[in-house]
Every structure is written in structure tokens, then in C-alpha cells.
Amino acid sequence: MVVLLVELVVLVALVGLLLYALGVWSTRPAVPPAAGRRRLTGPQAQLADAVARARWAPAHDEVDGRTRVLLRRSYAGPDGLPVVLEDRVYTAFASDDPAWEARFTEAMSGARFRCSYLNAEESAG
């Protein structure tokens with residue numbers, strides 16, 4: 001009876017080790033982080049770092065008599081001016097709309113909220 005109990009404990013330990021090894025093996029990345037990539041230096045590294053720090057911010061413009069509220073992803077360029085990576089139209093409405101101010105205020109508020117969500121999502125990932 002004691003021999004059977006010892007064999008059972010050894011079997012459970014081996015199965016546990018096998019499952020642990022399988023779990024570790026299955027969660028490792030398929031490609032090592034630095035494999036096949038060269039390290040950037042100088043201006044390339046500075047540009048890559050600036051692009052990685054790009055943030056979403058609300059913006060607006062007027063095109064063909066319509067006010068567009070935008071979600072804009074940009075970073076500060078080497079000269080300090082913003083460099084726009086992406087513009088997404090959040091909403092658009094007629095520039096001569098009688099309720100323009102209320103619509104604009106509401107749209108900008110929604111765009112600010114959406115930008116904060118996008119920034120939080122990117123910083124978490």
C-alpha cells in the first residue's frame with residue numbers, strides 16, 4: 001500500500017512538472033524581442049522615441065462649409081511644431097447651423113473623452 005502511494009505521488013509530481021513546462025513553453029514569444037531587428041541610433045532613435053510618445057488630442061477645422069471635429073494623433077517634431085500622424089473625423093456639421101455653438105461644445109467634449117480613452121488604451125498596450 002505504501003509503495004502504491006509513493007508511486008502515485010511521483011506520478012502526480014511528474015504530471016505537474018509536465019504541465020508547468022507546457023505552460024511556460026506555450027506562453028513564450030514565438031520570436032525573441034530583438035531577433036531580426038537592428039538597434040536604432042542617432043536621429044532615427046530620436047524619431048522612433050517621439051513617434052512612440054505620440055498622443056491623441058481633439059482638434060477642429062472647417063472644410064467646404066462644414067465644421068469637422070477631429071481626433072488627432074501627433075507628436076512634437078524636431079522644430080517643436082506638431083507632426084500629425086493621423087486624423088479621424090469624430091463628427092461634422094454645417095458651419096452655418098443655428099445651434100453651431102452648442103453642437104461644437106458637445107462634440108469637442110465627446111472628442112476629449114474619446115482622446116483620453118485612446119491615450120489610456122495605447123499606454124496600457
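## Close-up views of a predicted model

**View 1. Phe-104 and Trp-100 in helix α3.** Phe-104 has a relative accessible area of 16% in this predicted model, which means that Phe-104 counts as buried, the limit being under 20%. Trp-100 has a relative accessible area of 29%, and is therefore partly exposed. Helix α3 holds both residues, 4 residues apart, about one turn of the helix. How many aromatic pairs does the count give? The count comes to 1 aromatic pair. In this pair, the ring centres of Trp-100 and Phe-104 are 4.8 Å apart and the planes meet at 10°, so the rings are stacked.

**View 2. The largest nonpolar core.** Welcome to the interior: this core has 10 residues in all. Its members are Trp-56, Val-69, Leu-71, Phe-93, Phe-104, Ala-107, Met-108, Ala-111, Cys-115 and Leu-118. Which elements give two or more residues to it? They are β2 (66-76) and α3 (100-124). The largest share, 6 residues, comes from α3. Met-108 is a good place to zoom in: leaving aside neighbours within four places in sequence, Met-108 is in contact with Pro-58, Ala-59, His-60 and Val-69. Val-69 belongs to the core as well.

**View 3. Thr-67 on strand β2.** Here is a residue to look at from several sides. Thr-67 lies in strand β2. Is Thr-67 buried or exposed? Thr-67 is buried, because its relative accessible area is 4%. The side chain of Thr-67 makes a polar contact with the side chain of Trp-100, at 2.9 Å. Beyond four places in sequence, the residues in contact with Thr-67 are Asp-61, Glu-62, Thr-91, Ala-92, Phe-93, Ser-95, Trp-100 and Phe-104. Trp-100 and Phe-104 in that list are the two partners of the stacked pair in View 1. Across the strands, Glu-62 stands opposite Thr-67.

**View 4. The hairpin of β1 and β2.** Strands β1 (55-63) and β2 run antiparallel and are joined by 9 bridges. The hairpin has 2 residues between its strands. Which residue of this hairpin takes a positive phi? That residue is Asp-64, with phi near 55°, although Asp-64 is not a glycine. Asp-64 sits in the loop between β1 and β2. The relative accessible area of Asp-64 is 78%, so Asp-64 is exposed.

**View 5. The hairpin of β2 and β3.** On to the next turn along the chain. Strand β3 (residues 82-94) pairs with β2 in the antiparallel sense, over 11 bridges. Leu-70 stands opposite Val-89 in β3. This hairpin has 5 residues between its strands. In the turn, Gly-80 has a positive phi of about 90°.

**View 6. Asn-119 in helix α3.** Asn-119 lies in α3, the helix that gives the largest share of the core in View 2. What is the relative accessible area of Asn-119? The value is 8%, so Asn-119 counts as buried. Not counting residues up to four places away in sequence, Asn-119 touches Arg-55 and Trp-56. Trp-56 is one of the core residues.

**View 7. Asp-49 in helix α2.** Helix α2 (residues 42-52) holds Asp-49. The relative accessibility of Asp-49 is 41%, so this residue counts as partly exposed. Its side chain makes a polar contact with the side chain of Arg-53, at 2.4 Å. How far apart in space are Asp-49 and Tyr-75? Their C-alpha atoms are 9.9 Å apart, with the two positions 26 residues apart in sequence numbering.

**View 8. Helix α1, in the open.** Our last stop is helix α1 (residues 2-27), which has 26 residues. At 1.5 Å a residue, α1 should span 38 Å, and its end C-alpha atoms are 38 Å apart, so the two values agree. How many residues of α1 are buried? The number is 0, so α1 lies largely in the open. Val-12 is a residue of this helix. Its relative accessibility is 54%, so Val-12 counts as exposed. From Val-12 to Leu-71, C-alpha to C-alpha, the distance is 56 Å, and the two residues are 59 residues apart in sequence. Leu-71 is one of the core residues in View 2.

How values were computed:
Residues numbered from 1 in each chain as written. Predicted model: local features only at pLDDT ≥ 70, side-chain atom pairs only at ≥ 80, totals over all residues. Heavy atoms only, no water. Core = buried A, V, L, I, M, F, W, Y, C linked by side-chain atoms within 4.5 Å. Buried < 20%, exposed > 50% of the residue type's maximum accessible area, 1.4 Å probe, protein only. Contact = heavy atoms within 4.5 Å. Pairing = 2+ DSSP bridges. Polar contact = N/O pair within 3.5 Å; in protein donor to acceptor, adjacent residues only side chain to side chain. Phe/Tyr/Trp six-rings, centres within 6.5 Å; stacked < 30°, edge-to-face > 60°. Expected span 1.5 Å × (residues − 1).
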